[in-house]
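Student: I've never looked at this one before. Could you walk me through how to read it?
Tutor: Sure, let's open it up and take it feature by feature.

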Amino acid sequence: MSSFTPVFRCLLRPNVASRLVTRPLSSATFTSTPRAFAARPKFLGKEQPRLRLGSNAPNFTAETTHGKIDFHEYIGNSWCILFSHPADFTPVCTTELGAFAKMRPEFDARNVKLIGLSANGLAQHDDWIKDIDEVTGSSMHVGSDGSFPVIADESREIAYLYDMVEQSQIESLATAFTIRSVFIVDPQKKIRLIMTYPASTGRNTSEVLRVIDSLQTADKAGIATPVNWNVGEDVIVPPTVSTADAKKKFGAENVKELKPYLRFTSLKK
């Protein structure tokens, strides 16, 4: 297990930390927090799908704080952000979920649905959400403006399906914390972005929103976005479009050629 994991455990609530498994696993028993398996889960014998940009997002059904869902049905005709968390009642995750809940109106305006994942049960999720709202000032509880489902992935099966576990922990999922992964999935259920953070590093929610803006703008206008781009700023004419065609599309006076391969244009008109 990573050197960070013991530190993470000590930061958990005492009543939760006391239930974490610390004894070595035998070949006959696969123990999970807070459940025990009589045998090693069958899903560990399955081949993990290769998750690449443009590949289909694997579908699954899961119990969540909003009831049982089919992932693809939940996405529907929207974009979706699936993001994982190492465990409930952990400090970094608490700040992240509160931040995403506060930004839900921004995601709603962009036709984006949120769905979180943590490797604990629904009862713990519900208690944790109360803490999140209290500590961050969010409104994440069911029925509120900031609410979105959080998957109860006690077995780590979905974490395994989406390869959200560190290499050093792949054979000991009973005690493994899922790493912080972000998947952006489009309405066609294609994976458009993958970001993976170590357990010690919190995500930047503004960057996730910025990427959504970039992807949607690129799809709509057929452009690319430069470094640190934000909505309203100049965009890049992709190499697949000639300068002549770019001037026809965006206007002759609206294409700035710095190099034959680097042309900027504005979408403000």
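Student: Which residues does isoleucine 81 touch, not counting residues up to four places away in sequence?
Tutor: Keep in mind that this is a predicted model. Isoleucine 81 touches Phe107, Val112, Lys113, Leu114, Ile115, Val182, Phe183, Ile184, Val208 and Ile212.

Student: How should I read a cluster like that?
Tutor: In soluble globular proteins, nonpolar side chains tend to be buried together. Here the largest nonpolar core has 28 residues, and Ile81 is among those that touch the most other members, along with Phe83, Phe107, Met140, Phe148 and Ile184. Elements supplying at least two residues each include β5 (79-85), β6 (112-118) and α8 (205-221). The largest share, five residues, comes from α8.

Student: Which residues does the second, separate core include?
Tutor: Among its 21 residues are Ala57, Ile69, Tyr74 and Ile191.

Student: Now the strands. How do I read a sheet?
Tutor: Strands of a sheet pair through backbone hydrogen bonds, either parallel or antiparallel. Try the open sheet ordered β10-β12-β11, where the pairing is antiparallel. Its edge strands, β10 (235-237) and β11 (255-259), each pair on one side only. From one strand to the next, the twist averages 35°.

Student: Which helix packs on that sheet?
Tutor: That's α9 (residues 243-250), which touches β10, β11 and β12 and has a direction about 155° from that of β11.

Student: How many residues are in the hairpin that joins β3 to β4?
Tutor: The hairpin goes through two residues. Those strands run antiparallel, with four bridges joining them, and threonine 61 has aspartate 70 in β4 as its bridge partner.

Conventions: Residues are numbered from 1 along each chain as its sequence is written. This is a predicted model: local features need pLDDT of at least 70, side-chain atom pairs count only at pLDDT 80 or more; totals for chains, interfaces and linings use all residues. Side-chain values use heavy atoms; hydrogens and water are left out. A nonpolar core is a set of buried Ala, Val, Leu, Ile, Met, Phe, Trp, Tyr and Cys residues joined through side-chain atoms within 4.5 Å. Buried means under 20% relative accessible area, exposed over 50%, partly exposed in between (1.4 Å probe, protein chains only). Contact means heavy atoms within 4.5 Å. Two strands pair if DSSP finds at least two bridges between them. Axes are lines fitted to C-alpha atoms, for helices over the stretch in contact, and angles run from 0 to 180 degrees between N-to-C directions.
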